[in-house]
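Visitor: Could you take me closely through the surroundings of the ligand, and say what lines it and what touches it?

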Amino acid sequence: MTNLRPLILSGPTDDDDDTSVVVDTKPRTKRPPLYKVLLLNDDYTPMEFVVAVLEQFFGMTHAQAFEIMLTVHKKGVAVVGVFSHEIAETKVAQVMDFARRHQHPLQCTMEKE
Ligand code: TYC
């Protein structure tokens with residue numbers, strides 16, 4: 001990225017009778033915000049179902065999925081991935097839809113990192 005920063009100045013000296021205006025055109029390329037996808041514990045969703053969710057929708061191996069499932073079971077919540085807003089929304093919707101279709105109360109949410 002070039003670091004040349006044109007400073008555009010106008011004011012009483014430029015013959016148009018207005019007040020001074022300074023426009024700094026420094027490039028401001030903000031990285032898009034990231035969102036944590038969280039899985040919540042409940043008393044009814046089977047452990048194997050949660051493991052399957054983590055494998056299917058978050059690309060975890062069986063061992064990774066089992067470990068994260070146990071963390072949620074013991075601690076109540078765990079971050080299962082960090083994504084752009086659109087991807088996080090899609091993951092949450094996929095998990096919630098899959099759980100609803102199987103009549104499990106599993107909850108999945110997202111929050112800004
Ligand atoms: N607590 C559930 C049980 O004992 C298992 C479970 C784990 C449920 C993780 C939800 O996100 C969850 N069957």
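Guide: By class, the shell around the ligand holds 7 nonpolar, 3 polar and 1 charged residues, where Ala, Val, Leu, Ile, Met, Phe, Trp, Tyr, Cys and Pro count as nonpolar, Asp, Glu, Lys and Arg as charged, and the others, Gly among them, as polar. This is a predicted model, in which local features need pLDDT of at least 70 and side-chain atom pairs count only at pLDDT 80 or more, while totals for chains, interfaces and linings use all residues. Residues are numbered from 1 along each chain as its sequence is written, and side-chain values use heavy atoms, with hydrogens and water left out.

The residues surrounding the ligand, each with a heavy atom within 4 Å of it, are Leu 39, Leu 40, Asn 41, Asp 42, Thr 45, Met 47, Val 50, Met 69, Val 72, His 73 and Leu 106. In terms of helices (DSSP runs of H or I, at least four residues) and strands (E, at least two), numbered from the N terminus, β3 (35-40), α1 (47-58) and α2 (62-75) each supply at least two residues of this shell, and the largest share, 3 residues, comes from α2.

Among the polar contacts, which are pairs of N or O atoms within 3.5 Å, a backbone N or O atom of Leu 40 lies 2.8 Å from an oxygen atom of the ligand. Two others involve a nitrogen atom of the ligand: a backbone N or O atom of Thr 45 lies 2.9 Å from one, and a polar side-chain atom of His 73 lies 2.9 Å from one. Of the 350 Å² of accessible area that the ligand has on its own, the protein covers 90%, as computed by the Shrake-Rupley method with a 1.4 Å probe.

Note on methods
A polar contact is a pair of N or O atoms within 3.5 Å; within protein, one must be able to donate a hydrogen and the other to accept it, and residues adjacent in sequence count only if both atoms are side-chain atoms.
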